[in-house]
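Work through these exercises with the model open beside you. Try each task before you read its solution.

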Amino acid sequence: MGNDKISQFQVDLLDIVSDIEQQIQHLSVQDPIFGFISPKFIKCGKKNCKCHFNTKDLHGPYFYLRLEPEYKYNKYLGKEVPRIIKERVEIGSTIKNLEKKRTKIIETVSQFEDIAL
Ligand SMILES: [Zn+2]
């Protein structure tokens, strides 16, 4: 590729980056949750319950919200995950994916800058 073509390519990529940034902005105002939902099986308080003798008899699943950065079992959600929570977690992970894509593109653009020198 000649230098002109390379710089056109860079401009195109930077356009994509600004599209991605707009999408991120649009999603960021929709109350994203950054983390994931995870099931947990538990032992109950009754000492004679079968859950204390066999792991396959544990109770659950009960769902927890695990928030970044540590992904601890931060928040108990119940036996069923509320739809709004699912949606907000999806928005959060979409934002994360867009940010990864943006980083990759910016890296690619800077590689071409090295070649052009
Ligand atoms: Zn039990």
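**Exercise 1.** Find the bridge partner of Leu65 in β3.

*Solution.* Start at Leu65 and cross to β3: the partner is Lys75. Keep in mind that this is a predicted model. Next, look at the strands themselves. Strand β2 covers residues 59-67 and runs antiparallel to β3. Five bridges join the two.

**Exercise 2.** Work out which strands stand at the edges of the sheet, and why one side of each has no neighbour.

*Solution.* First, write down the strand order. The sheet is open and has three strands, in the order β1-β2-β3, with antiparallel pairing. Then count partners. β1 (35-42) and β3 (72-78) each have a single partner strand, so one side of each is left without a neighbour in the sheet. Last, check the twist. Neighbouring strands are turned by 40° against each other on average, ignoring direction.

**Exercise 3.** Is Thr94 buried, exposed or partly exposed?

*Solution.* Locate Thr94 in helix α2, residues 83-116. Now count its C-beta neighbours inside 10 Å: there are 15. Buried needs 20 or more, and exposed needs 12 or fewer. Thr94 therefore counts as partly exposed. One more step: compare with Ile24. The two residues are 70 apart in sequence, yet their C-alpha atoms are 8.5 Å apart in space.

**Exercise 4.** Describe the whole chain, from its pattern to its dimensions.

*Solution.* List the elements: two helices and three strands. Read along the sequence, they give α-β-β-β-α. Then take the radius of gyration. The chain has 23 Å, whereas a compact globule of 117 residues would have a value near 13 Å. The C-alpha trace spans about 75 × 30 × 20 Å along its principal axes. Finally, check burial: 6% of the 117 residues are buried.

Technical notes: Residues are numbered from 1 along each chain as its sequence is written. This is a predicted model: local features need pLDDT of at least 70, side-chain atom pairs count only at pLDDT 80 or more; totals for chains, interfaces and linings use all residues. Helices (H or I, at least four residues) and strands (E, at least two) are DSSP runs, numbered from the N terminus. The radius of gyration is taken over C-alpha atoms; the globule rule is 2.2 Å times the number of residues to the power 0.38. Two strands pair if DSSP finds at least two bridges between them. Axes are lines fitted to C-alpha atoms, for helices over the stretch in contact, and angles run from 0 to 180 degrees between N-to-C directions.
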